[in-house]
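Hi,

Here is the structure I promised to pass on. Have a look at it first, and then read on for what turned up when I went through it.

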Amino acid sequence: MSIILIVEDEERISSFVSKGLRAAGHQPLVAGTVAQAQRLLGDEAVELIVLDLGLPDGDGMEVLDTLRGQGSSIPVIVLTARTSIDDTVASLESGADDYMAKPFRFEELLARIRLRLRSTTPSTPAGAPESTTLHSGELVLDLVSRKVRVGQREVELSTREFELAATFLRHPGQVLTREQLLSRVWGFDFDPGSNVVDVYVRYLRRKLGAARFTTVRGVGYRLDDA
């Protein structure tokens, strides 16, 4: 099943979000107009929709109204530059499940997507709560207390360092591109030409161990057990 991104034809947004969703194990499809969206919804099995309201051939609300008029309960997260209370209320009253204003951070969008998908799938069996820690060798991140340990040594990370480390730990052994890391940790609106990812990887190497973070030349970085 796929997640459909119905967004204004802005390559930067659709590219960042699509790559981030693929890295998180989802199958994103992109529609840039109301017409494209309607075709995709007629042809694809869809588990969630991220819906922009400002589309070149109409208002995204048309898509939402059509879906709910057909009795569809597919979760819809509205993503838009419209930030007034009236627009928020109108979207939610028309059947949207959530509402996010631009600019946004990818990690927050992904968290909202996961929340909506969990609400439409069977819950975790009793006695098997979701883990609140991430591990790689001797490196442990506690997502609740925000504490970090390397073996018996506790390490202090800034908020951004912690988010970057957590992103690597969620994808151990997987090569993550600079663009993916930018979209997940800094948000889609951060300058894609910036070297901020390289700078923060250097910080993590210094604090957590240089051997853990492997440079894949021309692509990005990979977290390895050290």
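**Salt bridges, a pocket and a few single residues**

Let me start near the end of the chain: Asp-224 and Arg-222 form a salt bridge, with 2.9 Å between their closest N and O atoms. Asp-224 counts as partly exposed at 21% relative accessibility, and Arg-222 is also partly exposed, at 24%. Before you read too much into any of this, keep in mind that the model is predicted.

For orientation, the chain has eight helices and 14 strands. It runs to 226 residues, of which 42% count as buried. If you take the contacts between residues at least 6 apart in sequence, 59% of them join residues at least 24 apart.

Back to the charged pairs. The whole structure holds ten salt bridges. One of them brings together the side chains of Lys-19 and Glu-179, at 2.3 Å from N to O. This pair links distant parts of the chain, with Lys-19 in helix α1 (residues 11-23) and Glu-179 in helix α7, 160 residues apart. Lys-19 is partly exposed, with a relative accessible area of 30%, and Glu-179 is partly exposed as well, with 24%.

Another salt bridge joins the side chains of Asp-98 and Arg-116, at 3.8 Å from N to O. Asp-98 sits in strand β7 (residues 98-101) and Arg-116 in helix α5 (residues 106-118), so this pair ties together parts that are 18 residues apart in sequence. Is Asp-98 buried or exposed? At 12% relative accessibility it counts as buried, because the cut-off for buried is under 20%. Its partner Arg-116 is partly exposed, with a relative accessible area of 23%. The two also belong to a wider group: Asp-98, Glu-108, Arg-112 and Arg-116 are linked in a network of salt bridges.

Now go back to helix α7, which is also where you will find Gln-180. Gln-180 is buried, with a relative accessible area of 10%. What does its side chain reach? The side chain of Gln-180 comes to 2.9 Å from the backbone nitrogen of Thr-177. Setting aside neighbours within four places in sequence, Gln-180 is in contact with Lys-19, Ala-23 and Val-175. You have already met Lys-19 as the salt-bridge partner of Glu-179.

Helix α7 comes up again in the second largest pocket, which holds about 150 Å³ of space. Two elements give two or more residues to its lining: α6 (159-170) and α7 (178-186). Which of them gives the largest share of the lining? That is α6, with five residues. The full lining of this pocket is Arg-105, Glu-107, Leu-143, Arg-146, Phe-162, Glu-163, Ala-166, Thr-167, Arg-170, Arg-184 and Val-185. By type, the lining residues are four nonpolar, one polar and six charged.

One lining residue deserves a second look for its backbone. Arg-146 has a phi near 65°, a positive value in a residue other than glycine. As you know, most residues other than glycine have a negative phi. Arg-146 belongs to the loop between β9 (139-142) and β10 (148-150). With 40% relative accessibility, Arg-146 counts as partly exposed.

Two more loop residues are worth a click. His-26 is in the loop between α1 and β2 (28-31), and at a relative accessible area of 15% it is buried. Which residues does His-26 touch, leaving aside its neighbours within four places in sequence? The contacts of His-26 are Ile-3, Leu-21, Glu-47, Leu-110 and Leu-117.

Glu-47 then leads on to the other loop residue, Ser-73. Ser-73 and Glu-47 are 26 residues apart in sequence, and their C-alpha atoms are 9.6 Å apart in space. You will find Ser-73 in the loop between α3 (60-69) and β6 (76-80). At 65% relative accessibility Ser-73 counts as exposed, whereas His-26 is buried.

Cheers

Methods: Residues are numbered from 1 along each chain as its sequence is written. This is a predicted model: local features need pLDDT of at least 70, side-chain atom pairs count only at pLDDT 80 or more; totals for chains, interfaces and linings use all residues. Side-chain values use heavy atoms; hydrogens and water are left out. On a 1 Å grid over the protein atoms alone, a cavity is a set of points where a 1.4 Å probe fits but cannot get out, and a pocket is an open set with protein on both sides within 12 Å along at least five of seven lines; lining residues have an atom within 4 Å of a point. Grid points are joined across faces, edges and corners, and a volume is the space filled by probe spheres set on the points. Helices (H or I, at least four residues) and strands (E, at least two) are DSSP runs, numbered from the N terminus. Ala, Val, Leu, Ile, Met, Phe, Trp, Tyr, Cys and Pro count as nonpolar, Asp, Glu, Lys and Arg as charged, and the others, Gly among them, as polar. Buried means under 20% relative accessible area, exposed over 50%, partly exposed in between (1.4 Å probe, protein chains only). A polar contact is a pair of N or O atoms within 3.5 Å; within protein, one must be able to donate a hydrogen and the other to accept it, and residues adjacent in sequence count only if both atoms are side-chain atoms. Contact means heavy atoms within 4.5 Å. A salt bridge is a side-chain nitrogen of Lys or Arg within 4 Å of a carboxyl oxygen of Asp or Glu.
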